[in-house]
Amino acid sequence: MSGRAQLMWDEAVTRYDFGAGHPMDPVRLALTRGLVAAYGLDRDLEVVAAKPAGESTLRLVHREDYVDAVKAASADPGAAAGSYGLGTVDDPAFAGMHEVSALIAGQSVGAAEAVWRGEAVHAVNFAGGLHHAMPGGAAGFCIYNDAALAIARLLELGAERVAYVDVDVHHGDGVQAAFWEDPRVLTISLHEHPRTLFPQTGWPQETGAAEGSAVNVALPAGTGDAGWLRAFHAVVPELLAEFRPQVLVTQHGADTHFEDPLAHLAVSLDAQRAVQLACHELAHEHADGRWVALGGGGYAVVDVVPRSWTHLVAIAAGREIAPETEIPEEWRQQVFARTREPAPRRMTDGRKPTWADWEAGYDPDDRLDQAILATRRSVFPLRGLLP
């Protein structure tokens, strides 16, 4: 293993563009890449542009008829009329859609290959994490499910146990669906409760056809740093210790943030960084350091997403950025030039997140603790663990 991390990046991923006014603004990718460069992190990383995912790779997860439908909509966007989830308000068809979606998928697949083969200790694709796409349809701003494709490629290469941890505010439904019957994959998703947020799935009782292979923590709307971190640490480490993954794949949607316009959690940038650090540590503790880290949702495209994912890249590169660090002026000028919005000044929201450890006890009348306990009771006994 080289010991260096890889950053998967091709400027062309910014062509993943559903059009003016759509929340998934590709400027968030360009600004993140710019902030990574402004901190000089390229010196600590190998920047790699992987090839697009080809037909055989896409079909590891997606049906052939769906791939054909994406190609047709890509060639003639006006003909997409909602079939296969294409041409909808969430997923408008656009020219070149297949090509750029396959390119993003290729970056995640390339990250998985590099980590599995020992070419990199960690690999990050912050353009990825498009976790809602289903085997036979687009959903939730996602055309191809790069996270599921990366996992499927790991299995194809010989991995026997892959863990997927998703901390996006939305349930990682597409990845769960892809591996619902596969005991080689453990999917864990922490998300806002399905009563109050798309895609209205991810209930704690969803435990997989391979009983205990799917784990869902449905958090009450309004959950902040202390509750979010408490839930993560009450569920994820114990399950990973039992499962013993050979590779850890994580999805770091930044839409848990209190400024995100599409959801209702109240998590800070500092808590997001704390979970990124925890995932890095868990990869070393349980998966010999093999860590594939992906982006995901996040619609506060100036203030939140670039800072959150730059922290992620820095952690993977082994050069953590202290939260109080001032943001380079060159990047702040770039933000204003591109968006006419003021840029943040530091890599922090000024929070110092803490949480109460689950082992110290729980409050049966507390909504957050009820959510954690529902998950532990649903899944832990299936894996031979005490709830």
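Which residues line the largest cavity? Before getting there, keep in mind that this is a predicted model. The lining is made up of Tyr 16, Met 24, Asp 25, Pro 26, Arg 28, Leu 29, Ile 104, Ala 127 and Leu 130. Sorted by class, that gives 7 nonpolar residues, 2 charged ones and no polar ones. The volume of this cavity comes to about 60 Å³.

How did that empty space turn up? Rolling a probe the size of a water molecule over the atoms shows where empty space is left. With a threshold of 30 Å³ or more, the structure has 2 cavities. The second largest one holds about 40 Å³, and its lining has another make-up: 3 nonpolar residues, 5 polar and no charged. The residues around this second largest cavity are Val 167, Trp 228, His 252, Gly 253, Ala 254, Gln 272, Gln 276 and Ser 308.

Now for the sheet. It is open, has 8 strands with parallel pairing, and reads β2-β1-β3-β8-β7-β4-β5-β6 in order. At the edges stand β2 (45-48) and β6 (214-219); each has a single partner strand, so one side of each lacks a neighbour in the sheet. On average, neighbouring strands are turned by 15° against each other, ignoring direction.

Take the β2 edge to start with. Its partner there is strand β1 (residues 5-8), and the two pair in the parallel sense over 4 bridges. Within that pairing, Gln 6 sits opposite Glu 46 of β2.

Further along the order, β7 has β8 on one side and β4 on the other. Strand β4 (residues 162-166) runs parallel to β7 and is joined to it by 5 bridges, with Asp 166 having Gln 251 of β7 as its bridge partner. Between β7 and strand β8 (residues 291-294), also a parallel pair, there are 4 bridges. Here Thr 250 has Ala 293 in β8 as its bridge partner. The link between these two strands involves helix α8 (residues 269-286): β7, α8 and β8 make a right-handed β-α-β unit.

So is β7 (residues 247-251) buried or exposed? Of its 5 residues, 5 are buried, meaning under 20% relative accessible area, so the strand is largely enclosed by the rest of the structure. In a regular strand the side chains alternate between the two faces of the sheet. In β7, Val 247, Val 249 and Gln 251 are on one side, Leu 248 and Thr 250 are on the other, and all of them are buried, which leaves both faces covered.

How values were computed: Residues are numbered from 1 along each chain as its sequence is written. This is a predicted model: local features need pLDDT of at least 70, side-chain atom pairs count only at pLDDT 80 or more; totals for chains, interfaces and linings use all residues. Side-chain values use heavy atoms; hydrogens and water are left out. Buried means under 20% relative accessible area, exposed over 50%, partly exposed in between (1.4 Å probe, protein chains only). Two strands pair if DSSP finds at least two bridges between them. A crossover is right-handed if, with the strands pointing away from the viewer, the path from the first strand over the helix to the second runs clockwise. Axes are lines fitted to C-alpha atoms, for helices over the stretch in contact, and angles run from 0 to 180 degrees between N-to-C directions. On a 1 Å grid over the protein atoms alone, a cavity is a set of points where a 1.4 Å probe fits but cannot get out, and a pocket is an open set with protein on both sides within 12 Å along at least five of seven lines; lining residues have an atom within 4 Å of a point. Grid points are joined across faces, edges and corners, and a volume is the space filled by probe spheres set on the points. Ala, Val, Leu, Ile, Met, Phe, Trp, Tyr, Cys and Pro count as nonpolar, Asp, Glu, Lys and Arg as charged, and the others, Gly among them, as polar.
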